[in-house]
Amino acid sequence: MKNILFDFISKYISLTEDEKNAIVSLDIFYPVKKGTILLREGQKSKESYFVLKGCIRTYYVLEGDEKTTAFYTETEVLTPPCVISKSPSEYYVSCLEDSILLISNSDMEAEINRKFPKFDIMCKVLAEELLAKQRIDFDEFKTSSPEQRYLNLLQKRPDLIQRVPQHQLASYLGIKPQSLSRLRARILEKKY
């Protein structure tokens, strides 16, 4: 599992053996069972998540309904906004699959950045990339129809179609599960 992490990091910076050993010594790799809630609405947290294997999602509970906002799969990072704002979380984070996560906290990250300044540079570049990606995703969502959203999902994240329960996928697309079924049927009819 650590090779997945090191391959990801190597896209941004090169690591010495000392730096790799320092990361491994932190004991930050956690197996987490499907259904585990990592963060609850109203809870404070300092933890960020890097998905080595598996899938986690973020969602709100509004009037008793879950509204999925994002899915994170292999080599994706989630730092909940409550970590930065130091305020209670407004949403939930849970595991959709048995997962292996790298879980770090702001104190640990500050220590690593102090010992190895190039990690700070990597984190800044990664934060900029994530911010830009979120902006593009948000704009795409706001300006597209449910059918376009589904087609974009098929193109950009086809793995989610098989990995995520239909009702959560529908919630993520901003539609009801029945509408997703009809939408899928329409798309299939167009193909044939």
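Helix α8 keeps Q168, L169, A170, S171 and L173 buried. This is a predicted model, and α8 is a good place to start a tour of it.

**Around helix α8**

Which elements lie over the buried residues of α8? The cover includes the strands β4 and β5, together with the helices α5 (117–143), α6 (146–156), α7 (158–163) and α9 (177–191). An α-helix has 3.6 residues a turn, so residues three or four places apart point the same way.

Just after α8 comes G174, with a positive phi near 80 degrees. A little further on, K176 sits in the loop that links α8 and α9. Is K176 buried or exposed? K176 counts as exposed because its relative accessibility is 52%, and the cut-off for exposed is over 50%. From K176 to Q166 there are 10 residues in sequence, and their C-alpha atoms are 9.6 Å apart in space.

**The chain as a whole**

Stepping back, the chain has 192 residues, of which 38% count as buried. Its secondary structure is made up of nine helices and eight strands. Measured out along the principal axes, the C-alpha trace spans about 55 × 35 × 30 Å. Among contacts with a separation of 6 or more, 70% are between residues 24 or more positions apart.

A UniProt record (unreviewed entry) places the feature "domain: Cyclic nucleotide-binding" at residues 32–103. In the model, this span is 7% helix and 51% strand, and its end C-alpha atoms lie 11 Å apart.

**The second largest pocket**

Helix α8 also takes part in a pocket. Rolling a probe the size of a water molecule over the atoms shows where empty space is left. The second largest pocket holds about 330 Å³ of space. Two or more lining residues come from each of β4 (56–62), β5 (65–72) and α8 (166–173). Which element gives the most to this lining? That is β5, with five residues.

In total, 16 residues line the second largest pocket, and those nearest its centre are D65, E66, K67, S171 and I175. S171 is one of the buried residues of α8. Sorted by class, the lining has five nonpolar, six polar and five charged residues.

**Two buried residues with polar contacts**

T68 is part of strand β5. Because its relative accessibility is 6%, T68 counts as buried. Leaving aside residues up to four places away in sequence, T68 touches R57, T58, Y59, Q168, S171 and Y172. With one of these, R57, there is a polar contact of 2.7 Å between the two side chains.

S104 belongs to strand β8, which covers residues 99–105. Is S104 buried or exposed? At a relative accessibility of 10%, S104 is buried. What does S104 touch, if residues up to four places away in sequence are not counted? Its partners are K46, E47, S48 and E109. The side chains of S104 and E109 share a polar contact of 2.5 Å.

**Positive phi in two loops**

Most residues other than glycine have a negative phi, and most peptide bonds are trans. D27, although not a glycine, has a positive phi of about 55 degrees. Where is D27 found? The loop between α2 (17–25) and β1 (29–32) holds D27.

T75 is not a glycine either, and its phi is positive at about 65 degrees. T75 is in the loop that joins β5 and β6 (77–78).

**A residue in helix α5**

D120 lies in helix α5, one of the elements that cover the buried residues of α8. How far is D120 from S85? In sequence the two are 35 residues apart, and in space their C-alpha atoms are 19 Å apart.

**Accessibility side by side**

The table sets out some residues from this tour.

| Residue | Relative accessibility | Class |
|---|---|---|
| T68 | 6% | buried |
| S104 | 10% | buried |
| D120 | 28% | partly exposed |
| T75 | 30% | partly exposed |
| K176 | 52% | exposed |
| D27 | 59% | exposed |

The two loop residues with positive phi can be read from this table as well: T75 is partly exposed at 30%, whereas D27 is exposed at 59%. Back at the pocket, β5 is the element that gives the most to the lining, and T68 is found in that strand.

Key:
Residues numbered from 1 in each chain as written. Heavy atoms only, no water. 1 Å grid on protein atoms, 1.4 Å probe; cavity = no way out; pocket = protein on both sides within 12 Å on 5 of 7 lines; lining within 4 Å. Points joined across faces, edges and corners; volume = space filled by probe spheres on them. Helix = DSSP H or I, 4+ residues; strand = E, 2+ residues; numbered from the N terminus. Nonpolar A, V, L, I, M, F, W, Y, C, P; charged D, E, K, R; others polar. UniProt positions renumbered as here; feature names shortened; annotations may be inferred. Buried < 20%, exposed > 50% of the residue type's maximum accessible area, 1.4 Å probe, protein only. Polar contact = N/O pair within 3.5 Å; in protein donor to acceptor, adjacent residues only side chain to side chain. Contact = heavy atoms within 4.5 Å.
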